[in-house]
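Work through the exercises below with the sequence and the model at hand. Each task is followed by a solution in steps.

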Amino acid sequence: MADLFGKMADMQQRMADIQAKLAEERVTAEAGGGMVAVTADGTGRVVSIKIEPDAVDPDDLELLEDLVVAGVNKAIEEAEAVKAQKLQEATSSMLPPGLDLGNLGGGLPKF
């Protein structure tokens with residue numbers, strides 16, 4: 001039983017280390033051919049948005065708004081993909097072969 005608790009403590013530490021590393025990861029997504037660039041960290045937090053001056057048209061702010069939304073959504077999707085990959089890499093070495101925890105985030109289990 002003590003061995004099990006030791007393994008759980010090790011796993012918790014590894015997960016904390018992974019979260020710290022994810023916060024340092026960066027992904028950048030562009031929208032509108034690079035007119036808007038959004039950078040997010042590996043946890044999905046947006047850390048910067050860069051907008052080319054040509055994208056700013058006072059008579060068409062709706063286009064700029066759409067580009068920002070598209071860039072943010074794309075950056076978050078890419079950050080989620082990085083996060084999933086890093087978590088899979090880290091947990092694959094901790095789990096017995098054949099054990100899939102892919103449904104832990106929600107959904108119905110596969111039988």
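A residue counts as buried under 20% relative accessible area, as exposed over 50%, and as partly exposed in between. The model used here is predicted.

**Exercise 1.** State how many helices and strands the protein chain has, and in which order the elements run.

Solution. The protein chain holds 2 helices and 3 strands. Read from the N terminus on, the elements follow the order α-β-β-β-α. As for burial, 22% of the 111 residues count as buried.

**Exercise 2.** Classify valine 46 as buried, partly exposed or exposed.

Solution. First, locate the residue: valine 46 belongs to strand β3, which covers residues 46–51. Next, take its relative accessible area, 32%. Partly exposed is the class between 20% and 50%, so valine 46 is partly exposed. Finally, look at its surroundings: Val46, Ile49, Ile51 and Val56 make a nonpolar surface patch of about 290 Å².

**Exercise 3.** Do the same for threonine 39, and find the side chain it contacts.

Solution. Threonine 39 sits in strand β2, residues 36–41. Its relative accessible area is 14%. Buried means under 20%, therefore threonine 39 is buried. Its side chain is joined to that of threonine 28 by a polar contact of 2.9 Å.

**Exercise 4.** Classify glutamate 62 and name the surface patch it helps to form.

Solution. Glutamate 62 is part of helix α2, residues 61–92. With a relative accessible area of 55% and a cut-off of over 50% for exposed residues, glutamate 62 is exposed. Together with Asp57, Asp59, Asp60, Glu65 and Asp66, Glu62 forms a negative surface patch.

Key: Residues numbered from 1 in each chain as written. Predicted model: local features only at pLDDT ≥ 70, side-chain atom pairs only at ≥ 80, totals over all residues. Heavy atoms only, no water. Patch = residues over 30% accessible without salt bridge, like charges linked within 9 Å, V, L, I, M, F, W, Y side chains within 5 Å. Areas by Shrake-Rupley, 256 points an atom, 1.4 Å probe, with all protein chains shown as cover. Salt bridge = Lys/Arg side-chain N within 4 Å of Asp/Glu carboxyl O. Lys, Arg positive; Asp, Glu negative; His and termini not counted. Charge placed at Lys NZ, Arg CZ, Asp CG, Glu CD. Helix = DSSP H or I, 4+ residues; strand = E, 2+ residues; numbered from the N terminus. Buried < 20%, exposed > 50% of the residue type's maximum accessible area, 1.4 Å probe, protein only. Polar contact = N/O pair within 3.5 Å; in protein donor to acceptor, adjacent residues only side chain to side chain.
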